[in-house]
Amino acid sequence: MENTLKKQFRCDIAFDECKACARCVEACPRSLLKIGTAINMMGYPAAEYAGAGCIGCGACYYCCPEPGAITIVEIIPDGKED
Ligand code: SF4
Ligand code: SF4
């Protein structure tokens, strides 16, 4: 039976805030982040989230040197988000 109490998370990366240092890529225990190919307005290839699998550990958030570049979002089943 599906565990309905299991929380789900998403990693949002603010495209234009990322400086492509790859610290988050190294830190993610589930290897869900990578440096992308699209260039942001700062001239960097911003990091990208794989789209699923985030456990909300916060490792990427805490190692990122750019304030506001990473936000961890809890996905609430009824469609609202924290
Ligand atoms: S919160 Fe944890 S699992 Fe989710 S993307 Fe960041 S490092 Fe990976
Ligand atoms: S740690 Fe922050 S600045 Fe560095 S690649 Fe990841 S999101 Fe970009």
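Student: In what order do the elements of the protein run from the N terminus on?

Tutor: Helices and strands here are DSSP runs, H or I of at least four residues for helices and E of at least two for strands, numbered from the N terminus. Going from the N terminus, you get β-α-β-β-α-β, so to speak a tally of 2 helices and 4 strands. Keep in mind that this is a predicted model, where local features need pLDDT of at least 70, side-chain atom pairs count only at pLDDT 80 or more, and totals for chains, interfaces and linings use all residues. Residues are numbered from 1 along each chain as its sequence is written, while chains are lettered from A and ligands numbered from 1 in the order in which they are written.

Student: How much of the protein is buried?

Tutor: Count C-beta atoms, placed from the backbone, within 10 Å of a residue's own: 20 or more others is buried, 12 or fewer is exposed, and in between is partly exposed. Buried residues come to 16% of the 82 residues.

Student: Why does L33 count as buried?

Tutor: Because L33 has 23 C-beta neighbours inside 10 Å. You'll find L33 in strand β2, residues 33–39.

Student: What is L33 in contact with, beyond its neighbours within four places in sequence?

Tutor: A contact means two C-beta atoms, placed from the backbone, within 7 Å. By that rule L33 meets C11, C24, V25, C28, A47, E48, Y49 and C60, leaving aside neighbours within four places.

Student: Which residues touch the most other members of the largest nonpolar core?

Tutor: In general, nonpolar side chains in soluble globular proteins tend to be buried together. A core here is a set of buried Ala, Val, Leu, Ile, Met, Phe, Trp, Tyr and Cys residues joined through C-beta atoms within 7 Å. The largest one has 13 residues, and C11, I13, C24, L33, A47, C60 and I70 touch the most other members. Strands β1 (8–13) and β3 (45–49) each supply at least two of its residues.

Student: Which residues come closest to ligand 1?

Tutor: Near means a C-beta atom, placed from the backbone, within 6 Å of the molecule. Ligand 1 has 15 residues around it, with C11, C28, C54, C57 and C60 the closest. Both β1 and α2 (59–63) give two or more residues to that shell.

Student: And which come nearest to ligand 2?

Tutor: There the shell holds 14 residues, and C18, C21, C24, A47 and C64 come nearest.
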